[in-house]
Amino acid sequence: MTLDALKSANRVMGIKQVSKAVKRGDAENVFLADDADVRVTEPLMKLCEEHSVPVEHAATMADLGHACGIEVGAAAAAVLKQPIC
């Protein structure tokens, strides 16, 4: 999955919201910014491994924030699973 997928996907942003989505089983894919603080991203990385959620990397927080359609950087974002109708 690419950063472009975030533009039109149902998503959440930020470490706390992404962590909640992973714990609930709602996250299909997680994106982490490579320039984000490791103390912040490492626990989320481990959580994704525990829940078998694929992790993609973005070069910068600014790139990730831009892909999410916000004007500030984002350390993490998750594409949410589509509800089955």
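In the predicted model, helix α2 (residues 15-24) has V18, S19, A21 and V22 as buried residues. These residues span an arc of only 160 degrees around the axis, and they therefore lie on the same side of α2. K16, K23 and R24, on the other side of the helix, are exposed. The cover over the buried residues of α2 includes the strands β1, β2 and β4 as well as helix α3. Just after α2, G25 adopts a positive phi of about 85 degrees.

V18, in helix α2, has a relative accessibility of 0% and so counts as buried. Leaving aside residues up to four places away in sequence, V18 is in contact with V12, M13, V30, L44, A76, A77 and A78. The C-alpha atoms of V18 and V40 are 12 Å apart in space, with the two positions 22 residues apart in sequence numbering.

The strands form an open sheet of four, in the order β1-β4-β2-β3, and the pairing is mixed. The edges are occupied by β1 (11-13) and β3 (55-58); each has a single partner strand, so one side of each lacks a neighbour in the sheet. From one strand to the next, the twist averages 20 degrees. Helix α3 (residues 38-50) packs on this sheet and touches β2 (27-33), β3 and β4. The direction of α3 makes about 155 degrees with that of β2. At the β1 edge, three bridges join β1 to strand β4 (residues 76-80), and the two strands run antiparallel. Within this pair, V12 is opposite A78 of β4. Both V12 and A78 are also among the residues touched by V18.

A75 belongs to the loop between α4 (61-67) and β4. With a relative accessibility of 15%, A75 counts as buried, the cut-off being under 20% relative accessible area. The contacts of A75, not counting residues up to four places away in sequence, are I15, F31, L32, A33, A36, M61 and L64. A75 and V40 are 35 residues apart along the chain, and their C-alpha atoms are separated by 8.3 Å.

Four salt bridges are present in the structure. One of them joins the side chains of K7 and D4, with an N to O distance of 3.8 Å. K7 and D4 are three residues apart in helix α1 (residues 4-8), and are thus separated by about one helical turn. Both K7 and D4 are exposed. A similar spacing along a helix applies to E42 and K46, which are four residues apart in α3 and so separated by about one helical turn. The side chains of E42 and K46 meet in a salt bridge at 3.5 Å, N to O. E42 is partly exposed, with a relative accessible area of 39%, and K46 likewise counts as partly exposed, at 46% relative accessibility. Because an α-helix has 3.6 residues a turn, residues three or four places apart point the same way.

A further salt bridge is formed by the side chains of D26 and R24, at 2.8 Å from N to O. R24, with 52% relative accessibility, counts as exposed, whereas D26 is partly exposed, with a relative accessible area of 31%. R24 is one of the exposed residues on the side of α2 other than that of its buried residues.

How values were computed: Residues are numbered from 1 along each chain as its sequence is written. This is a predicted model: local features need pLDDT of at least 70, side-chain atom pairs count only at pLDDT 80 or more; totals for chains, interfaces and linings use all residues. Side-chain values use heavy atoms; hydrogens and water are left out. Two strands pair if DSSP finds at least two bridges between them. Axes are lines fitted to C-alpha atoms, for helices over the stretch in contact, and angles run from 0 to 180 degrees between N-to-C directions. Contact means heavy atoms within 4.5 Å. Buried means under 20% relative accessible area, exposed over 50%, partly exposed in between (1.4 Å probe, protein chains only). The arc is that of the directions from the helix axis to the C-beta atoms.
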